[in-house]
Amino acid sequence: MPSPSPLSFPMGLQQHRALPQQKSALPMPGARGAHPPSPGEATIRSNAEAERCDVKDRELKFDIIPNDHPYHNAKNPRTVGRANEKLASAVEEVKKDGRTCLVVGGDHSLAIGSISGHAKTEPVIWFDAHADINTPLTSLSGNMHGQPVAFLLKELKVSGVPGFEWLKPCLSAEDIVYIGLRDVDDAEHSLMEDTFKKKPIHLSFDVDGLDPPLTPATGTPVPGGVTLREGIYVAEQLYKTGLLSAVDTVEINPRLGKTQEEVDSTVNTAVSIILSGFGKAREGSHSCSY
C-alpha cells in the first residue's frame, strides 16, 4: 500500500448542531489541509445540511515539515504528529462548545488527534478491516495510518517519536472494541495477544439481527440485517478464539412462520450459526475468510 501524501491526512473540520425539532445533535468536525474541500467532504456537508443540521466549519491548515525523515519505520512522523496536535486542539474546542464532532479524512492516522482531543478516557469503537496497532518498530510499510491505535494505547508506551512530543496515550486496552477486523499483520497479532486481556465471551444472538428472509419466523424482523454468510463467519471467528463460554439463541418462534418453509428456514439458519460457534466448518473449497 503506497504511503499517503501528508496533505491527504485530514480533509475538513466541521461542527454540526441539530435544529431544535431534532432529538439529537449531529455535529461534524474534520480537518482541512492546504487544499480546498474534497468532493467527498462537500457531499457530506451538503447532505448534512439537507437533513436540517446546523453546520459550522473550522479551518485548519497543516504544514509539511521539510526533511521529515522516518523514525525507525514510521514515515513523515513530524508532519503527521504536528497535524494531529492541531486537530486535537480543534476537537477539544468543539467539544467545549457543546457540539458533536465529525472529522472527515484523509487516512486513519488522524484518529490520533481526534481521539486525543475528544475521548481522553472514553471507550472507542474501531470499525476497520485492519487493527492499526503496528508501532514504528513493527510496521512493514511505515505508513502512519497503520499505527494510530499503538500511539493511543497506554500499555504499548510508544514514545520518542518526533512530532508527537505533545501526545499522552489516553486509551487502555479495555477501552477499545474492534469491529470488522479481517487483515491483521503477524506483528499486530502478537501485540494484541500481549496487550488485550483474554476474557470468556458470552454470545447473545437474536435471530432478528439476520436479514428477515433468512429468519421470517420471528417476532420483530427488521429489513437490512446480517447475511447468513456473515452470521456464520462471526460464529466461526468466536469459536477460533477459544474463549466462547456461553451462547444465547433467541426469538425463534415457529408459530409466526406463515409456511413450513419459513419455519424451516428460521430453524435451519439458527442451527447453522450455533454449530459454527461450536466448531463446525463450512464445506467446500473456499477459504475461512469467505
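Guide: Helices here are DSSP runs of H or I with at least four residues, strands are DSSP runs of E with at least two, and both are numbered from the N terminus. By that count this predicted model has 7 helices and 7 strands, and along the sequence they follow the pattern β-α-β-α-β-α-β-α-β-α-β-α-β-α.

Visitor: Let's pick one residue, then. Where is Thr-215 found?

Guide: Thr-215 is in the loop between β6 (201-206) and α6 (228-241).

Visitor: Why is Thr-215 called buried?

Guide: The relative accessible area of Thr-215 is 1%. The cut-off for buried is under 20%, so Thr-215 at 1% counts as buried.

Visitor: What does the side chain of Thr-215 reach, and what makes that a polar contact?

Guide: The side chain of Thr-215 reaches the backbone oxygen of Val-207 at 3.1 Å. A polar contact needs N or O atoms within 3.5 Å, one able to donate a hydrogen and the other to accept it, so the 3.1 Å pair fits the distance limit. Leaving out residues up to four places away in sequence, Thr-215 touches Val-207, Leu-210, Thr-266 and Thr-269.

Visitor: Thr-266 and Thr-269 are also in a helix, aren't they? Which residues of α7 are buried?

Guide: In α7, the buried residues are Val-263, Thr-266, Thr-269, Ala-270, Ile-273, Ser-276 and Gly-277. Their cover includes β6, α6 and β7 (244-250).

Visitor: How do you know what span to expect of α7?

Guide: The expected span is 1.5 Å times one less than the number of residues. Helix α7 (residues 260-277) has 18 residues, and its first and last C-alpha atoms are 26 Å apart, close to the 26 Å expected. After α7 comes Gly-279, with a positive phi near 105 degrees.

Visitor: And how far does α2 reach from its first C-alpha to its last?

Guide: Helix α2, with 20 residues, reaches 28 Å, close to the 28 Å expected at 1.5 Å a residue. Gly-98 follows α2, and its phi is positive too, near 80 degrees.

Visitor: Glu-85 lies in α2. Why does Glu-85 count as it does: buried, exposed or partly exposed?

Guide: Partly exposed is the range between the 20% and 50% cut-offs. Glu-85 has 29% relative accessibility, so it counts as partly exposed. The C-alpha atoms of Glu-85 and Gly-113 are separated by 5.9 Å, though these two residues are 28 apart along the chain.

Visitor: Gly-113 is in α3. What makes α3 mostly covered?

Guide: Of the 8 residues in α3, 7 are buried: Ala-111, Ile-112, Gly-113, Ser-114, Ile-115, Ser-116 and Gly-117. These buried residues pack against α2, β3 (100-105), β4 and α4.

Visitor: Which residues touch the most other members of the largest nonpolar core?

Guide: That core has 31 residues, and Ile-115, Trp-126, Ile-133, Phe-151, Phe-164, Tyr-178 and Phe-196 touch the most other members. At least two core residues come from each of α2 (77-96), α3 (111-118), β4 (124-127), α4 (148-152), β5 (176-179) and α5 (186-195). Helix α4 gives the most, with 4 residues.

Visitor: What does Phe-164 touch?

Guide: Setting aside residues up to four places away in sequence, Phe-164 touches Pro-77, Val-80, Gly-81, Asn-84, Ile-112, Met-144 and Phe-151.

Visitor: Helix α5 came up there. Why is Thr-195, in α5, called buried?

Guide: Thr-195 has a relative accessible area of 12%. That is under the 20% cut-off, so Thr-195 is buried. A polar atom of its side chain lies 2.6 Å from the backbone oxygen of Leu-191. Beyond four places along the sequence, Thr-195 touches Leu-153, Glu-155, Leu-156 and Ala-173.

Visitor: Now for empty space. Which residues lie nearest the centre of the largest pocket?

Guide: Tyr-178, Leu-181, Met-192, Leu-238 and Thr-241 lie nearest its centre, out of 36 lining residues. The elements giving two or more residues to that lining are β5, α5 and α6, and α6 gives the most, with 8 residues. About 1900 Å³ of space lies in this pocket.

Visitor: What makes it a pocket rather than a cavity?

Guide: In a cavity the probe fits but cannot get out, while a pocket is an open set of points. The 1900 Å³ space is classed as a pocket, so it belongs with the open sets.

Notes: Residues numbered from 1 in each chain as written. Predicted model: local features only at pLDDT ≥ 70, side-chain atom pairs only at ≥ 80, totals over all residues. Heavy atoms only, no water. Core = buried A, V, L, I, M, F, W, Y, C linked by side-chain atoms within 4.5 Å. Buried < 20%, exposed > 50% of the residue type's maximum accessible area, 1.4 Å probe, protein only. Contact = heavy atoms within 4.5 Å. 1 Å grid on protein atoms, 1.4 Å probe; cavity = no way out; pocket = protein on both sides within 12 Å on 5 of 7 lines; lining within 4 Å. Points joined across faces, edges and corners; volume = space filled by probe spheres on them.
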